[in-house]
Amino acid sequence: ASLFSQFGVAPALVQRSTLSSKHIKSAFSISMILGAFFTAAVWVSSDAIARFFEMDSLKEILQWYSLLFLVRGVSVTSEALAQRELKFKFLALTDMASYALGYGVVAIVLAANGFGVWSLVAAHLGHALLKSCVLLFFFRHEIAFLPSVDASLELARFGAGQTLARLANYGASEGDKAVVGKYIGADALGEYGRAYQLMLMPTVLLGQIIDKVLFPTMSSIQGHTKRLRANFRRGLTLITLVNVPVGAVVAVAAEPLVRVILGGGWGGVTPILQIMAMGLLFRGGAKISDTLAKAAGAVYGRALIQWIYALAVVGGSILMVKYGSVAVAGVVVVAGGIQALLMIQLGKSLSGLGWRSVIAAHIPGFLIGAVVGIVALGILQFCDETGIKDIAALLMTLLVSCAV
């Protein structure tokens with residue numbers, strides 16, 4: 001429901017080169033209408049969902065959770081205006097403060113007093129409510145409850161493409177797990193899921209930061225091809241400089257990493273993680289190109305590539321699942337490579353950057369990644385020969401790799 005509840009309204013506001021009061025009022029109206037619709041839809045279907053999962057208590061929990069759509073819908077427009085004005089410090093502080101109070105205070109106090117699962121429900125609602133209040137207070141805007149048809153259609157053209165891409169991305173990120181769980185079993189899914197989490201951990205935060213910062217920044221200069229091209233190239237270089245060395249260290253140090261973080265009973269995670277770490281070679285270029293495509297308004301080209309990626313992940317997983325989880329991980333890496341090439345081609349066509357420049361932008365990251373990988377391998381071999389155990393060996397590897 002979250003995938004559809006905002007229909008890309010916020011990104012549409014951020015991306016537009018010119019914004020009128022009609023767009024702002026229509027965005028608020030659409031957000032409120034969708035928020036009310038999905039609150040009602042989840043509330044009404046909560047009993048059926050509870051029966052499906054055979055969890056009677058789920059009904060009331062879902063009914064309270066459904067209020068999140070209304071609470072978030074109120075502040076969608078304000079948050080988009082803050083992003084459009086590049087108020088990243090304000091957004092970060094708001095998110096941190098509301099999260100700390102919602103989870104760090106409300107959840108812990110209620111949990112300590114025996115409220116159980118309701119402490120988590122209260123945390124989610126408290127976080128969303130506080131964040132919405134702060135955003136509305138500092139970024140007030142005109143309010144209307146009936147959207148303008150013309151302005152709504154303009155926002156919807158972008159929002160529909162954005163939603164299609166998000167839906168495909170969701171399918172790609174969850175499809176392989178569904179196949180593993182269905183055809184191999186819960187134990188294999190547990191190992192595969194942990195490997196996926198460990199692989200994403202170092203890159204998701206960077207990817208989110210890049211998207212939140214570069215999307216409004218690139219949107220503001222979408223008519224200036226030279227500046228857009230320069231930012232695209234810098235973005236490719238920066239994210240490759242981070243992703244490739246991280247991928248090299250994770251691949252080399254996967255065994256001690258798994259033992260330290262998950263414990264000794266998770267040996268099956270190691271080969272899956274080593275394969276998935278190779279996917280970091282491609283993830284960066286795809287992410288930057290994705291952000292550029294959104295900023296330039298190429299949401300349908302972006303959505304098409306995401307659907308190709310999703311179909312490659314799910315179809316390839318079904319074909320290779322008989323060979324085990326490691327083979328499925330390999331499929332996901334190959335699908336990620338295809339997605340990256342298609343996304344970079346889209347970014348290249350939008351910015352006018354040539355393939356020679358694209359390759360040159362990747363070279364520093366790949367060179368440093370190779371050096372870091374070799375150094376990390378040498379340190380781990382030294383630790384193995386001298387009897388240095390997992391935690392100390394991992395710390396040495398990470399510290400020296402960071403220094404390099």
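These legends go with a set of close-up views of a predicted model.

**View 1. The whole chain is an all-round helical affair, with 17 helices and 0 strands.** The radius of gyration comes out at 23 Å, close to the 22 Å that the globule rule gives for 404 residues, so the protein is as compact as a globular protein of that length. Laid along its principal axes, the C-alpha trace spans about 70 × 60 × 40 Å. Buried residues account for 46% of the 404 residues. Take the contacts between residues at least 6 apart in sequence, and 80% of them join residues at least 24 apart. On the outside, the protein exposes about 19800 Å², and carbon and sulfur atoms supply 68% of that area.

**View 2. Helix H7, residues 117-138, sits against three other helices.** With 22 residues at 1.5 Å a residue, H7 should span 32 Å, and its end C-alpha atoms are indeed 32 Å apart, so the expected and modelled spans agree. Which residues of H7 are buried? They are Ser119, Val121, Ala123, Leu125, His127, Ala128, Lys131, Ser132 and Leu135. As a reminder for reading that list, residues three or four places apart in an α-helix point the same way, because there are 3.6 residues a turn. The buried residues of H7 pack against helix H4 (58-65), helix H5 (67-84) and helix H6 (88-112).

**View 3. Lys131 has two acidic partners, Glu79 and Asp95.** Start with Lys131 itself: its relative accessibility is 17%, so it counts as buried, the cut-off being under 20%. Its salt bridge with Glu79 has the closest N and O atoms 3.4 Å apart. That pair links distant parts of the chain, with Glu79 in helix H5 and Lys131 in helix H7, 52 residues apart. Glu79 is partly exposed, at a relative accessible area of 22%. The other bridge brings together the side chains of Lys131 and Asp95, at 3.3 Å from N to O. Here Lys131 lies in helix H7 and Asp95 in helix H6, so the pair ties together parts that are 36 residues apart in sequence. Asp95 has a relative accessible area of 27%, which means it is partly exposed. Through their shared partner, Glu79, Asp95 and Lys131 end up in one salt-bridge network.

**View 4. Glu154 and Arg16 meet across a long stretch of sequence.** Their side chains form a salt bridge at 3.5 Å, N to O. Glu154 is in helix H8 (residues 149-183), while Arg16 is in the loop between helix H2 (9-15) and helix H3 (21-53), and the two are 138 residues apart. Glu154 counts as partly exposed, with 29% relative accessibility. For the tally, the protein has 7 salt bridges.

**View 5. A nonpolar patch of about 690 Å² lies on the surface.** The patch is made by Val260, Ile261, Val371, Ile391, Leu395, Leu399, Val400 and Val404. Helix H11 (254-261) and helix H17 (390-403) each supply at least two of its residues. Which helix gives the largest share? That is H17, with 4 residues. Val404 is found in the segment after H17. With 46% relative accessibility, Val404 counts as partly exposed.

**View 6. Phe282 is a residue of helix H13, residues 280-295.** Is Phe282 buried or exposed? Somewhere in between: its relative accessible area is 31%, so it is partly exposed. Setting aside neighbours within four places in sequence, Phe282 is in contact with Val333, Gly336, Gly337 and Ala340. Phe53 is another story, since Phe282 and Phe53 are 229 residues apart in sequence and 38 Å apart in space, C-alpha to C-alpha.

**View 7. Gln306, in helix H14 (residues 299-320), is a buried residue.** Its relative accessibility is 4%, and that is why Gln306 counts as buried. What does Gln306 touch, not counting residues up to four places away in sequence? The list is Ala165, Ala168, Asn169, Asp290 and Gln339.

Conventions:
Residues numbered from 1 in each chain as written. Heavy atoms only, no water. Expected span 1.5 Å × (residues − 1). Buried < 20%, exposed > 50% of the residue type's maximum accessible area, 1.4 Å probe, protein only. Contact = heavy atoms within 4.5 Å. Patch = residues over 30% accessible without salt bridge, like charges linked within 9 Å, V, L, I, M, F, W, Y side chains within 5 Å. Areas by Shrake-Rupley, 256 points an atom, 1.4 Å probe, with all protein chains shown as cover. Salt bridge = Lys/Arg side-chain N within 4 Å of Asp/Glu carboxyl O. Rg over C-alpha atoms; globule rule 2.2 N^0.38 Å.
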